[in-house]
Amino acid sequence: MRQADCGEGDNLSSSVTKPRTAIYARLSDEDKNKAKQTDPSESIKNQIALATEYIRARDWSIAGIYTDDDWSGLDRERPEFNRLLRDCEQGLIDIVICKDMSRFTRDKMVTEEYLETRFPEWRVRFIGLTDGSDTADKANKKSREINALVNQWYAEDISNKVRAAFQAKRQQG
C-alpha cells in the first residue's frame with residue numbers, strides 16, 4: 001500500500017515511502033509583470049510556493065512541477081497538463097496538488113473524467129488547497145461537483161464577455 005492511500009491516522013511501517021507529489025500550476029491570462037515572455041508569472045510562482053509549503057509541512061516528496069502559463073483551463077491540449085496525466089497513468093505520481101480545482105481544469109467533463117474516474121483507477125489523490133478539494137475525502141464529492149460546475153460557468157461567462165467586447169469593437173470600426 002502506498003502512503004497516499006492511507007488516511008491521516010494510519011500507522012505506517014518505516015518501509016513505506018513518502019508519497020510522490022506533483023504540483024500543477026496554470027494561469028490563463030498573460031501576466032503583465034513578466035520581465036521576459038518566457039519567465040514564469042508571479043501567479044505561477046505563488047501557486048508553486050503554496051503547494052511546496054504544503055508538501056514540505058507533511059514531509060512528502062516532490063516528484064515534479066508542471067506549469068502551463070498562458071493556457072485556458074478549458075484547453076485539453078495544455079502541454080504540461082498532458083505530461084502530468086501521462087505521469088499519473090504511468091504510476092509516477094501518487095498525489096496531484098493544485099492551488100484549487102480551477103487551476104487543474106475549468107471543464108466539468110475533465111473534472112469528472114480525472115478526479116472521479118481515472119485518478120481513482122490510477123490510485124492518484126487530488127488536492128485543491130484553497131477550495132478544500134481532496135479526493136481522499138469522500139464527504140466533499142458533492143462540493144467538488146458544484147465547484148466544477150461553477151468553474152465551467154466562470155470560463156463560459158468570461159468567454160462571452162470577451163466575444164461581446166470584440167463584437168462591439170468591430171461595430172465601432
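**Exercise 1. Decide whether D70 is buried, partly exposed or exposed, and describe its backbone and its place in this predicted model.**

Solution. The relative accessible area of D70 is 27%, and D70 is therefore partly exposed, given that buried means under 20% and exposed over 50%. As to its place, D70 belongs to the loop between β2 and α2. Its backbone has a positive phi of about 70°, although D70 is not a glycine; as a general matter, most residues other than glycine have a negative phi.

**Exercise 2. Carry out the analysis of D70's sequence neighbour D69, and state whether D69 is buried or exposed.**

Solution. Begin with the secondary structure, where D69 is found in strand β2. The next step is accessibility: D69 has a relative accessible area of 18% and is therefore buried, the cut-off for that class being under 20%. Finally, consider a partner distant in sequence: S43 is 26 residues away from D69 along the chain, while their C-alpha atoms are 9.2 Å apart in space.

**Exercise 3. Describe R123 by its location, its phi and its accessibility.**

Solution. R123 is placed in the loop between α4 and β4. Its phi is positive, about 60°, although R123 is not a glycine. With a relative accessibility of 42%, R123 counts as partly exposed.

**Exercise 4. Work out the strand order of the sheet, and explain why β2 and β5 each have one side without a neighbour.**

Solution. The sheet is open, has five strands and mixed pairing, and follows the order β2-β1-β3-β4-β5. At its edges stand β2 (61-69) and β5 (133-134), each of which has a single partner strand, so that one side of each is left without a neighbour in the sheet. For a pairing in detail, take β3 (residues 95-98) and β4 (residues 125-128), which run parallel and are joined by four bridges. Within this pair, I97 stands opposite I127 in β4.

**Exercise 5. Establish how helix α2 is placed against the sheet, and which of its residues are buried.**

Solution. Helix α2 (residues 79-89) lies across β1 (20-27), β2 and β3, and runs at about 150° to β2. Its buried residues are F81, L84, L85, D87 and C88. Seen down the axis of α2, these buried residues fall within an arc of 160°, so they line one face of the helix. In general terms, an α-helix has 3.6 residues a turn, so residues three or four places apart point the same way. The cover over the buried residues of α2 includes the strands β1, β2 and β3, together with the helices α3 (101-104) and α4 (108-122). After α2 comes G91, which has a positive phi near 80°.

**Exercise 6. Explain why C88 and C98 do not form a disulfide.**

Solution. The structure holds zero disulfides. The cysteine sulfur closest to that of C88 is in C98, at 9.9 Å, which is too far for a bond, because a disulfide requires the two sulfur atoms to be within 2.5 Å. Seen from the other side, the closest cysteine sulfur to that of C98 is in C88, again at 9.9 Å. As for accessibility, C88 is buried with a relative accessible area of 1%, and C98 is likewise buried at 1%.

**Exercise 7. State what the pLDDT values say about the chain and about residues 1-14.**

Solution. Across the chain the average pLDDT is 80, and 68% of the residues score at least 70. Over residues 1-14 the pLDDT stays under 50, and for this stretch the model has 21 contacts beyond four places in sequence.

How values were computed: Residues numbered from 1 in each chain as written. Predicted model: local features only at pLDDT ≥ 70, side-chain atom pairs only at ≥ 80, totals over all residues. Heavy atoms only, no water. pLDDT = per-residue confidence, 0-100. Contact = heavy atoms within 4.5 Å. Buried < 20%, exposed > 50% of the residue type's maximum accessible area, 1.4 Å probe, protein only. Pairing = 2+ DSSP bridges. Helix = DSSP H or I, 4+ residues; strand = E, 2+ residues; numbered from the N terminus. Axes fitted to C-alpha atoms, helices over the stretch in contact; angles between N-to-C directions. Arc of directions from axis to C-beta.
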